Amino acid sequence: MTPHPLTIIPKRHCIDKPAIPTKQHCLRVKHLLDCNQNSSLIYMKGKGESTRDNTDVELEFRQESNFFYLTGIDEPGFHVIIHLQTERVYLITPDIPDNDIFWKGPNYNSKELLEKYDVDEIVNELDLQRLVTTLAPDMTHVLNKSQGIELLKYAPMIPTNSIDTQLLLPVMNEARLIKFPWEIEIIRQAMYGSSQAHIALIKQFKLGMTETLLAALFRYTCALYQIDKQAYLPIVASGPRAATLHYTKNNQIVPSSIHTLVLVDAGGEKLCYASDITRTFPVQGRFSEESKTIYNIVLKMQQAVLDELRPGILWSDMQILAMRILCIELVRIGILKCKDEDQLDELIYMGVPSAFYYHGLGHSVGLDVHDVGGRDHKSKTQGEEDSTISEFLSNRPLEENMVLTVEPGLYFNDEMLDIWIHCPGYENYFDLNMLAKYRSVGGVRIEDTIVITANGHENLTIAPKQIHEIESLMNRAS
């Protein structure tokens with residue numbers, strides 16, 4: 001029996017271009033899959049609506065990143081099928097029952113969808129099975145087993161041994177690592193608005209403010225720049241909380257000590273593309289001598305790395321460079337004890353600077369703030385004892401159009417320091433008196449998001465970070 005006719009709305013010439021040209025992504029994924037079948041598909045179901053536990057209260061929707069990568073759709077309930085041989089993209093719309101129209105609105109207008117998104121044909125969800133039957137795939141690639149189960153719900157006639165759950169996810173990860181110019185432009189716009197939000201916090205801060213208020217001000221300023229979502233929960237960490245890497249409670253009054261710093265790690269999201277920025281500023285409007293010393297060390301770490309960034313550079317070498325500068329500076333100000341160059345190498349080999357800097361130097365940025373791609377496992381020759389090697393791009397040189405963060409830090413985390421100070425064999429590396437002098441600084445992180453260019457890099461972050469710039473902003477506002 002021949003299949004029933006399909007209700008397919010083909011794309012015609014449109015005056016308006018789609019919001020973003022996601023078919024370029026589909027073609028890149030096809031190229032990386034390197035399919036040899038006569039007829040093969042990619043199937044992906046987007047994220048559905050979700051509600052608060054045991055209620056019908058809807059939660060804010062945000063599309064699954066891989067689905068957005070292929071479609072540009074940030075709405076619930078859609079599917080996509082890509083026929084790899086013909087390079088046609090079929091957007092599958094959710095079917096809204098008549099009794100839900102009063103709550104959800106009418107079914108989607110196919111002509112409007114074709115104008116808005118970079119797809120070839122529109123198919124209603126009820127016709128998904130017949131579409132798959134017509135395309136008659138030898139192989140269908142899905143992200144994982146749960147996506148395969150979703151496909152079988154709509155097309156149960158597909159043999160399970162023709163559904164591949166292994167190849168697509170690593171290919172998606174690789175495809176998303178290198179950005180197209182238009183992706184970089186969206187990230188640039190997100191970075192601009194987020195930079196303005198950081199500037200607003202620095203300019204408008206006043207003693208007595210709460211972390212909650214600062215977080216709200218950040219979101220508000222982002223919204224003024226048409227950035228209505230956050231790429232991650234804002235981190236507004238004041239005083240000793242600046243040494244907690246992912247502090248998101250944001251529920252304390254900012255202390256008013258002369259050494260107190262506020263570390264703000266926050267970034268908005270535009271068209272699902274993230275930004276990522278961290279700035280640290282003094283609550284008194286001027287850095288104390290101790291906080292200035294610590295801040296300048298982190299700034300020196302970051303600048304040394306930025307000076308080296310270009311295609312061909314190994315990220316692991318940059319992590320080592322940052323760690324070495326940190327160690328040299330901690331010895332210079334007296335926190336770490338070191339007699340000569342050999343003992344400096346010993347401090348680094350023993351991982352002692354990790355007592356103050358215990359995270360990676362950076363990560364990819366894209367549709368997720370900690371974006372996918374470039375995260376190979378450590379090789380056996382590197383070994384787990386080498387704490388200076390980042391898993392991000394550990395064996396792969398930087399390439400043009402990679403977007404990544406550079407975010408060194410220096411933290412005085414009581415729990416972490418107590419572990420190192422009381423560890424047998426390590427106590428003699430630390431000068432406890434000098435450590436006590438700087439411990440009240442809490443923590444400093446400086447984070448920029450950059451894009452690798454043909455001959456170097458472009459810094460997409462415009463929020464000021466030099467000490468005189470920050471102090472000028474704060475004192476001009478007062």
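User: How do you know that strand β17 pairs with β18?

Analyst: In this predicted model, β17, residues 448-452, is joined to β18 by three bridges, and the two run antiparallel. Pairing takes at least two bridges, so this couple qualifies. Two of the partnerships are easy to find by eye: Ile452 stands opposite His457 of β18, and Ile450 has Asn459 of β18 as its bridge partner. A hairpin of four residues connects β17 to β18.

User: What makes β14 a partner of β17 as well?

Analyst: The same test works here. β14 and β17 share four bridges in the antiparallel sense, and the requirement is at least two, so they pair. One of these contacts puts Val403 against its bridge partner in β17, Val451.

User: Why are β14 and β18 called edge strands?

Analyst: The three strands make an open sheet in the order β14-β17-β18, with antiparallel pairing. β14 (403-406) and β18 (457-459) each pair on one side only, and that is what the word edge refers to. From one strand to the next, the twist averages 35°. As background, strands of a sheet pair through backbone hydrogen bonds, either parallel or antiparallel.

User: What makes β17 a covered strand?

Analyst: Five of its five residues are buried. Take the faces one by one: Asp448, Ile450 and Ile452 lie on one side, Thr449 and Val451 on the other, and each of these residues is buried. Both faces of β17 are therefore covered, with buried meaning under 20% relative accessible area.

User: Why is the packing of α8 and α9 called oblique?

Analyst: The axes of α8 (residues 181-204) and α9 (residues 211-224) cross at roughly 140° and come within 8 Å. Roughly antiparallel would need an angle over 145 degrees, and roughly perpendicular would need 65 to 115, so this crossing falls to the remaining class. α8 and α9 are therefore oblique to each other, and α8 passes α9 in a right-handed crossing. On the α8 side, the contact uses Ser194, Gln196, Ala197, His198, Ala200, Leu201 and Gln204, while α9 brings Leu214, Leu217, Phe218, Thr221 and Cys222. By class, the residues of this contact are seven nonpolar, five polar and no charged.

User: How do you know which class the angle between α13 and α14 belongs to?

Analyst: Here α13 (residues 414-421) and α14 (residues 432-439) pack at about 175°, their axes 13 Å apart. An angle over 145 degrees counts as roughly antiparallel, so α13 and α14 are roughly antiparallel to each other. Asp414, Leu417, Asp418 and Ile421 of α13 meet Leu432, Leu435 and Arg439 of α14. That contact has four nonpolar, no polar and three charged residues.

User: Why does Ile294 count as buried?

Analyst: The relative accessibility of Ile294 is 0%, and the limit is under 20%, so buried is the right word for it. Ile294 lies in helix α10 (residues 289-308). Leaving aside neighbours within four places in sequence, Ile294 is in contact with Ile333, Leu410, Phe412, Tyr438, Val441 and Val444. One of these, Tyr438, is 144 residues away in sequence, yet the C-alpha atoms of Ile294 and Tyr438 are 8.0 Å apart.

User: What makes Thr260 buried or exposed, given that it is found in a loop?

Analyst: The number decides. Thr260 sits in the loop between β9 and β10, and its relative accessible area is 5%. Set against the limit of under 20%, Thr260 is therefore buried. Not counting residues up to four places away in sequence, Thr260 touches Gly239, Val254, Pro255, Phe281, Pro282 and Val283.

User: What is notable about the phi of Asn250, and where does Asn250 lie?

Analyst: Asn250 has a positive phi of about 50° although it is not a glycine. Asn250 belongs to the loop between β9 (235-238) and β10 (261-266). With 7% relative accessibility, against a limit of under 20%, Asn250 counts as buried. Asn401 also has a positive phi without being glycine, near 75°, and lies in the loop between α12 (341-349) and β14.

User: How many helices and strands does the chain have, and what share of its residues is buried?

Analyst: The chain has 15 helices and 18 strands. Of its 478 residues, 53% are buried.

Notes:
Residues are numbered from 1 along each chain as its sequence is written. This is a predicted model: local features need pLDDT of at least 70, side-chain atom pairs count only at pLDDT 80 or more; totals for chains, interfaces and linings use all residues. Side-chain values use heavy atoms; hydrogens and water are left out. Axes are lines fitted to C-alpha atoms, for helices over the stretch in contact, and angles run from 0 to 180 degrees between N-to-C directions. Buried means under 20% relative accessible area, exposed over 50%, partly exposed in between (1.4 Å probe, protein chains only). Angles under 35 degrees count as roughly parallel, over 145 as roughly antiparallel, 65 to 115 as roughly perpendicular and the rest as oblique. A crossing is left-handed if the near helix is turned anticlockwise from the far one by less than a right angle, and right-handed if clockwise. Contact means heavy atoms within 4.5 Å. Ala, Val, Leu, Ile, Met, Phe, Trp, Tyr, Cys and Pro count as nonpolar, Asp, Glu, Lys and Arg as charged, and the others, Gly among them, as polar.
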